[in-house]
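Please consider the protein shown below and follow the explanation with the structure in view. The account begins with an open space and then turns to the chain around it.

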Amino acid sequence: MLLANSADEPGRLAALHRLGVLDTPPEEPFDQVVRLVRNVLDVPMVAVSLVDRDRQWFKASLGLPFREGARQGSFCAVAIGGEGPLVVTNARQDSRFAQSPLVTDEPHIRSYAGVPLHMPDGYNVGTLCAIDWRPRDFSARDIAMLGDFARIVVNELELRQVAARDALTGALSRRGFLECVERELSRVAARDTPSCLLALDVDHFKRINDSHGHAAGDRVLEALAARIGAELRKADCFGRLGGEEFAVLLPGLDAPTGLAIAERIRASLERAPIVVAGLAAPLAVTARFGIAAAQGAHADAAAWLAAADAALYAAKRAGRNRCALAPTLAGALTDA
């Protein structure tokens, strides 16, 4: 049975990338799970496999000779398309996998049991899989235990995500956001694709806290985060960098498009004051935005964010409640 959202591959990939786990170092909770599966099911190979656009990458594994492999022809790529476990008792006799390099060459897979890592948002981001060099039947008890271990993996992935989230607004924490930006810079360098970063500050936020109290300020930040999130795609990353400062990563979008999105968000905030319980009247809240596209000069996340911050301060000097491009970008658009 296919999942209702199994055709939404862009959404699934966005859900995977939001976890911020791809290409991270080994971590004991995941390593412990694969050790337990190997011992309980008596299999030589076990993996926590995350299925990316063109590859499968192992957050934890035992017995496999590689850390990642091609998605095409992989057992896990098939497993994530289903609602339940995928069980293959003899890969040489299964037309889906008989000619797969994973079967004909190393590691010479013969039997496979994989349970999808099903996240609360409805997407299968990967599998927990048990693999053998010999044909074998996996019992209902084997599969039930594998499912229990898969839920432990999902819980660990969720805990990682919670730790990278700001408790008040639900946006990524500064650490979580910067990790997202670093990964995007790697993709930009590898694929030569555009990407854009927005930095934003709430105008006169100290005045809101001083006049109405910090509780009212918190409600304003919550409402602002919700409005910004409503304007973004699933693939975008939204983070709170500290206080009233936020940032948005727009993968695949160039500077003019980023400017248009920032202007749309700015206008939506200006247009509708924020209602705060206990206050006699809604609060007029505006924000300023700085926009910077990914460039070769941005060696890391801090440098890219600094470029967006420079544009943000330019917007502040120009009178707030406005958007500004990083200086080199503004010049390039003016020349065009």
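Which residues lie nearest the centre of the second largest pocket? In this predicted model, they are Leu22, Asp23, Asp52, Arg55 and Arg187, and the whole lining of that pocket consists of 16 residues. The space within the second largest pocket is about 320 Å³. Helix α6 provides the largest share of its lining, with six residues. Sorted by class, the residues around this pocket are nine charged, four polar and three nonpolar.

The largest pocket may be described in the same manner. Its space comes to about 390 Å³. Of the 21 residues in its lining, His17, Arg53, Arg187, Ala235 and Pro251 are the closest to the centre. Arg187 therefore deserves attention in both descriptions: it is named among the residues closest to the centre of the largest pocket, and it is also named among those nearest the centre of the second largest pocket. The largest share of the lining of the largest pocket, six residues, belongs to α1 (9–18). At least two lining residues each come from α1, α6 and β9. By class, this lining has nine nonpolar, four polar and eight charged residues.

With these two pockets located, the chain as a whole can be considered. The protein has 336 residues, and 51% of them are buried. Its fold contains 11 helices and 11 strands. Taken along the principal axes, the C-alpha atoms fill a box of roughly 70 × 50 × 35 Å. Contacts across the sequence also deserve notice: among those between residues at least 6 apart, 65% join residues at least 24 apart.

A particular pair of residues shows how positions separated in sequence can be compared in space. Leu159 and Leu19 are 140 residues apart along the chain, while their C-alpha atoms are 9.8 Å apart. Leu159 belongs to helix α5 (residues 140–163). Is Leu159 buried or exposed? Leu159 counts as exposed because its relative accessibility is 52%, and the cut-off for an exposed residue is over 50%.

Helix α8 offers a view of residues on the other side of that division. This helix, residues 214–230, has 17 residues. From the first C-alpha to the last, α8 reaches 24 Å, close to the 24 Å expected at 1.5 Å a residue. Its buried residues include Ala216, Gly217, Val220, Leu221, Leu224, Ala225 and Ile228. Which elements help to cover the buried residues of α8? Among them are the helices α7 (205–212) and α9 (255–271), together with the strands β7 (195–202), β8 and β9 (245–251).

Strand β8 leads to the next topic, the cysteines. How many disulfides does the structure hold? It holds one, which joins Cys180 to Cys237 with a distance of 2.2 Å from S to S. The pair links distant parts of the chain, for Cys180 is in helix α6 (residues 174–191) and Cys237 is in strand β8 (residues 237–242), 57 residues apart. The link of Cys180 and Cys237 is right-handed, with 50° about the S-S bond. Both Cys180 and Cys237 are buried.

Why is Cys76 not bonded to Cys129? The closest cysteine sulfur to that of Cys76 is in Cys129, and the two are too far apart for a bond because the distance is 3.9 Å, whereas a disulfide requires sulfur atoms within 2.5 Å. Cys76 counts as buried because its relative accessible area is 4%, and the cut-off for a buried residue is under 20%. Cys323 is likewise in no disulfide; the nearest cysteine sulfur, that of Cys196, is 11 Å away.

Cys76 and Cys129 also take part in the lining of the largest cavity. Rolling a probe the size of a water molecule over the atoms shows where empty space is left. A search of the whole structure finds one cavity of 30 Å³ or more, and the largest cavity has a volume of about 70 Å³. Besides the two cysteines, its lining includes Gln56, Phe58, Leu64, Phe66 and Ser74. Further lining residues are Phe75, Leu102, Ile109, Tyr112 and Ile131. The elements β2 (55–62), α3 (75–79) and β6 (124–132) each supply at least two residues of this lining. By class, the lining of the largest cavity has 10 nonpolar residues, two polar residues and no charged residues.

Methods:
Residues numbered from 1 in each chain as written. Predicted model: local features only at pLDDT ≥ 70, side-chain atom pairs only at ≥ 80, totals over all residues. Heavy atoms only, no water. Helix = DSSP H or I, 4+ residues; strand = E, 2+ residues; numbered from the N terminus. Buried < 20%, exposed > 50% of the residue type's maximum accessible area, 1.4 Å probe, protein only. Expected span 1.5 Å × (residues − 1). Contact = heavy atoms within 4.5 Å. 1 Å grid on protein atoms, 1.4 Å probe; cavity = no way out; pocket = protein on both sides within 12 Å on 5 of 7 lines; lining within 4 Å. Points joined across faces, edges and corners; volume = space filled by probe spheres on them. Nonpolar A, V, L, I, M, F, W, Y, C, P; charged D, E, K, R; others polar.
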